[in-house]
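Reader: Before I accept the descriptive terms attached to a model, I would like to see each one argued from its value and its cut-off. Could we go through them in that way?

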Amino acid sequence: MTNLAARVTSVEFCSTFTFPTLKKLSVNDGLVGHELADLELDVSFPCFPDVVTIWSGVSKYVRQQLLKEEPQAVTITGLGTFHIKKCYFFENGKMLTFQRPVFSLSRTVAQIRELQHASVSVPREIKKVSVSYKKTHLNVPYSEKVVQQCVQETLNFFYFILKKEEDADFILKDVGTLAIRGTEVTMAFCEGFLLSLNKSRGTIEKLLTNKWVISDKEVSLFPSRFGRVHRFPQFEIRVVPRRVSLTDEETSPDVKSGLSSTGKRGN
């Protein structure tokens, strides 16, 4: 096994961030680092299993809070807040209800490069919690301190990529994917998570058909002017469709519809 030192040292030279915890975490044997200039290559790097394991624990905590009988709003500090909204629609003269997950991007992320995002207020009746690293570390073989530091350093690396105006996908296992393309932000959700919320495949199909939510399966089709995105917390570079410009006029109708329907646009 190797460590993250080679991967993060080059970033430390070009930023104010440091990554002492990531340097201690192991990676698979293979390619382990690159100069920043190498980011021009369409290439995938091996994932960091320790980091992925820790973030899987964070994702599990988020999912548990959202799937409670009385769902709680849960915040990943420095990334954003999730809550569940009960919605209604009419079909064949009947009013049907469904639950839609809502994500609000953290101002910390939004202000990095003036990302378009909606600030969706959490209803007062919903209890608000932040990710508990004390509880998260019980699900992973690492101390509470290591979990918290790993999460923050991963986010710092994510911020660095955004400051360089690169595109990124941040994956929360079994919850969804936060996709950033230019200044556009989309939170796409796993269909399995949506099914756990609504217990009906027919309801899920209606949610997706009407673009009330976006499936994370669509993220691979979201274009980038670079033809690649940085994938967190796997620390990979993934090839995606390329587009010449990030202007709205050159965004495909399907993607534009999806972005606007997820509550992306806002003040």
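Author: Let us start with proline 101, which is found in strand β5 (residues 94-105); please keep in mind throughout that this is a predicted model.

Reader: Why is proline 101 called buried?

Author: The word buried is used under 20% relative accessible area, and proline 101 has a relative accessible area of 2%, so it is counted as buried. The C-alpha atom of proline 101 is separated by 9.6 Å from that of methionine 187, although the two residues are 86 residues apart along the chain.

Reader: What makes β4 and β5 a pair?

Author: Two strands pair if there are at least two bridges between them, and 12 bridges join β4 to β5, which run antiparallel, so the requirement is met. Within this pairing, lysine 86 has glutamine 99 in β5 as its bridge partner. The hairpin of β4 and β5 has two residues between the strands, and asparagine 92 takes a positive phi near 55° there.

Reader: How do you know that β3 also pairs with β4?

Author: The same criterion of at least two bridges applies: three bridges join strand β3 (residues 73-76) to β4, again in an antiparallel arrangement, so these strands count as paired. Valine 74 stands opposite phenylalanine 82 in β4. The open sheet that results is made of four strands in the order β5-β4-β3-β6, with mixed pairing. Its edge strands are β5 and β6 (128-130), each of which pairs on one side only, and neighbouring strands of this sheet are turned by 30° against each other on average, direction ignored.

Reader: Why is tyrosine 88 called partly exposed?

Author: Tyrosine 88, whose place is in strand β4 (residues 80-91), has a relative accessible area of 48%. Partly exposed lies between buried, under 20%, and exposed, over 50%, so the value of 48% puts tyrosine 88 in the partly exposed class. Tyr88, Phe90 and Met95 make a nonpolar surface patch of about 390 Å².

Reader: How do you know that the length of helix α6 agrees with what is expected?

Author: Helix α6 (residues 144-163) has 20 residues, which at 1.5 Å a residue should span 28 Å, and its end C-alpha atoms are 29 Å apart, so the two values agree. Just after α6, glutamate 165 takes a positive phi of about 65°.

Reader: What makes the contact of glutamate 166 and lysine 164 a salt bridge?

Author: The cut-off is a side-chain nitrogen of Lys or Arg within 4 Å of a carboxyl oxygen of Asp or Glu; the side chains of glutamate 166 and lysine 164 meet at 3.7 Å, N to O, so the contact qualifies. Glutamate 166, at 4% relative accessibility, counts as buried, whereas lysine 164, at 32%, counts as partly exposed.

Reader: Why is the contact of lysine 211 and glutamate 218 given that name as well?

Author: Their side chains meet at 3.3 Å, N to O, which is within the 4 Å cut-off, so this contact is also a salt bridge. Lysine 211, at 17% relative accessibility, counts as buried, while glutamate 218, at 23%, counts as partly exposed. Elsewhere, salt bridges that share partners join Lys164, Glu166 and Arg228 into one network.

Reader: How do you know that glutamate 191 forms a salt bridge with arginine 201?

Author: The closest N and O atoms of glutamate 191 and arginine 201 are 3.5 Å apart, which is within 4 Å, so the definition is satisfied. This pair links glutamate 191 in helix α7 (residues 191-198) with arginine 201 in helix α8 (residues 201-209), 10 residues apart. Glutamate 191 counts as buried at 18% relative accessibility, and arginine 201 is partly exposed at 41%. A search of the whole structure finds 10 salt bridges.

Reader: What makes β9 and β11 edge strands?

Author: Five strands form an open sheet in the order β9-β8-β7-β10-β11, with mixed pairing. Both β9 (184-189) and β11 (236-239) have a single partner strand, so one side of each is left without a neighbour in the sheet. Neighbouring strands of this sheet are turned by 25° against each other on average, direction ignored. Four bridges join strand β10 (residues 228-232) to β11, and these strands run antiparallel; the bridge partner of valine 229 in β11 is arginine 238.

Methods. Residues are numbered from 1 along each chain as its sequence is written. This is a predicted model: local features need pLDDT of at least 70, side-chain atom pairs count only at pLDDT 80 or more; totals for chains, interfaces and linings use all residues. Side-chain values use heavy atoms; hydrogens and water are left out. The expected span of a helix is 1.5 Å times one less than its number of residues. Axes are lines fitted to C-alpha atoms, for helices over the stretch in contact, and angles run from 0 to 180 degrees between N-to-C directions. Patches are made of residues with over 30% relative accessible area and no salt bridge: like charges are joined within 9 Å, nonpolar side chains (Val, Leu, Ile, Met, Phe, Trp, Tyr) within 5 Å. Accessible areas come from the Shrake-Rupley method with a 1.4 Å probe; for residues, only the protein chains shown count as cover. Buried means under 20% relative accessible area, exposed over 50%, partly exposed in between (1.4 Å probe, protein chains only).
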